[in-house]
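Hi,

Here is the structure I promised to pass on. Have a look at it first, and then read my notes underneath.

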Amino acid sequence: MKHPRDEKLALFAGGDLGVLERWRVSRHLRCCDGCRAEVARFRRAAAVLSGEADRLPAGLKWERLAAEMTGNIRVGLAAGQCVPPVAAPRPELGWARPAALVAALTIVILGGWFLQGPRMLMPQRVVAGPVLEATPAGVEVKASRGALTLLNTRAASPAVYVSAPGSLRARFVDSETGQVTINNVYAE
Amino acid sequence: MKDAADTAVQDSQELQSRFIADNLRRIFLQIYRIVGNVDDAQDLTQEAFIKALQHQEQIRDAQKAAHWLSRIASNTAIDFLRRHARVSSCDIDSLAEPIAGPDEDSPEEMVLRTEHSEYLRDGLRLLTERERAALILRDVEGLPAEEVAARLRCSKATVRSHIANARIKFRRYLEGRRR
């Protein structure tokens, strides 16, 4: 006959086995005096333990200890009332993280639009003197009251080059004769 | 207005005093069985009561409050053991093998007759901290194994193993004392 292990009997004695295991052990106990006695010993040990649980340690002066503990509890509570309660950490909100992400993305998109997009919001630069600039027709000098444009009516759109010292060169090619005309306009 | 406030404070203090008087011995013993010494049990008992009494609204219903206080007490004791990570284990095989005897002369009855609670204390000291806590919560406090597992923050299978080992060691200890 195969006997259940001690662990099983210990758990059986305290009613801690599952349904199937309990059924198996109780079936074995019906025909095994030794295991039945083991279970009885476990139960007696448990009874001793719970019976003794209410007994104070030997030599302990309970009245004195109880008075001391009661006093300490009161002092502890009074000290707790003097100290303001520590603010509990805010509960982590489920929407806070996505909201922060959306805000960050919005800032990035707006910043990109502001830097790369139309400069309508940028203040216009005010120029006091005459301005030399290339136009589709040729080279133009603008002043506050009028403009002077160098044109070549027989040529197609000119190629205009800007040089580093501040001059503009317009290169016209006559569509009929192939004659090339170059206008250099220097800014001073 | 001031009288009403004074009366409320007085009522609250009376409620506290009654709560302490009704539960102090039981909670001290509960913690003492788990931690195994008077000094630590005293500190932890005080700590458990202070924790509980900081939520006075919970102690109006005496029965629920007693159960709630037990829970605080066992958690306080278990946290203490966890913090200190004390090890006092004993291999089951190193304990004396039980000698079967007639029921009327059982070692348990001998222990009861001698009334030496040190026997029990020494027996409980043979267990590991977790085995002792599991045994006390299950066999003395009568908590179901699931609740014991929750308090010890481990699985039910682990708790069953602790309980089984603790019962075996404790029974062998009691029977070994007879020799």
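Below is what I found, mostly in chain B, with the contact to chain A at the end.

Keep in mind throughout that this is a predicted model.

Starting with the overall picture: chain B has 8 helices and 0 strands, so to speak a plain α-α-α-α-α-α-α-α when you read along the sequence. Of its 179 residues, 39% count as buried. If you take the contacts in chain B with a separation of 6 or more, 71% of them come from residues 24 or more positions apart.

Helix 6 of chain B is a good place to zoom in. It has 12 residues and spans 16 Å from first C-alpha to last, close to the 16 Å expected at 1.5 Å a residue. This helix is mostly covered, with 11 of its 12 residues buried. Charged names turn up on that buried list too, including B:Glu129, B:Arg130, B:Glu131, B:Arg132, B:Arg138 and B:Asp139. Just after the helix, B:Gly142 takes a positive phi of about 75 degrees.

Next in line is helix 7 of chain B (residues 145-152), which packs against helix 6 of chain B at an angle of about 140 degrees, the axes being 10 Å apart. The two helices are therefore oblique to each other, and helix 6 of chain B passes helix 7 of chain B in a right-handed crossing. On the helix 6 side the residues involved are B:Arg130, B:Ala133, B:Ala134, B:Leu137 and B:Arg138, and they meet B:Ala145, B:Val148, B:Arg151 and B:Leu152 of helix 7. By type, that contact divides into 6 nonpolar, no polar and 3 charged residues.

What does B:Ile34 touch, leaving out residues up to four places away in sequence? The list is B:Ser74, B:Ala77, B:Arg132, B:Ala133 and B:Ile136. B:Ile34 itself lies in helix 1 of chain B, and it counts as buried because it has 27 C-beta neighbours inside 10 Å, where 20 or more is the cut-off. Its pairing with B:Ala133 is worth clicking on: the two are 99 residues apart in sequence, yet 5.2 Å apart in space, C-alpha to C-alpha.

The other helix pair I looked at is helix 2 of chain B with helix 3 of chain B (residues 62-84). They pack at an angle of about 130 degrees, with their axes 9 Å apart, and are therefore oblique to each other. Here, too, the crossing is right-handed. From helix 2 come B:Asp40, B:Leu44, B:Glu47, B:Ala48, B:Lys51 and B:Ala52; helix 3 answers with B:Leu69, B:Ile72, B:Ala73, B:Thr76, B:Ala77 and B:Phe80. The residues of this contact divide into 8 nonpolar, 1 polar and 3 charged.

Finally, the contact between the chains. It takes 36 residues from chain B and 31 residues from chain A. On the chain B side, helix 1 (2-35), helix 2 (38-53), helix 4 (107-114), helix 5 (117-125), helix 6 (129-140) and helix 8 (156-176) each supply at least two residues. Helix 8 of chain B gives the most, with 8 residues. The chain B residues that touch chain A divide into 20 nonpolar, 7 polar and 9 charged.

Over to you!

Conventions:
Residues numbered from 1 in each chain as written. Chains lettered and ligands numbered in written order. Predicted model: local features only at pLDDT ≥ 70, side-chain atom pairs only at ≥ 80, totals over all residues. Contact = placed C-beta atoms within 7 Å. Helix = DSSP H or I, 4+ residues; strand = E, 2+ residues; numbered from the N terminus. Axes fitted to C-alpha atoms, helices over the stretch in contact; angles between N-to-C directions. Parallel < 35°, antiparallel > 145°, perpendicular 65-115°, else oblique. Left-handed = near helix turned anticlockwise from the far one by under 90°. Expected span 1.5 Å × (residues − 1).
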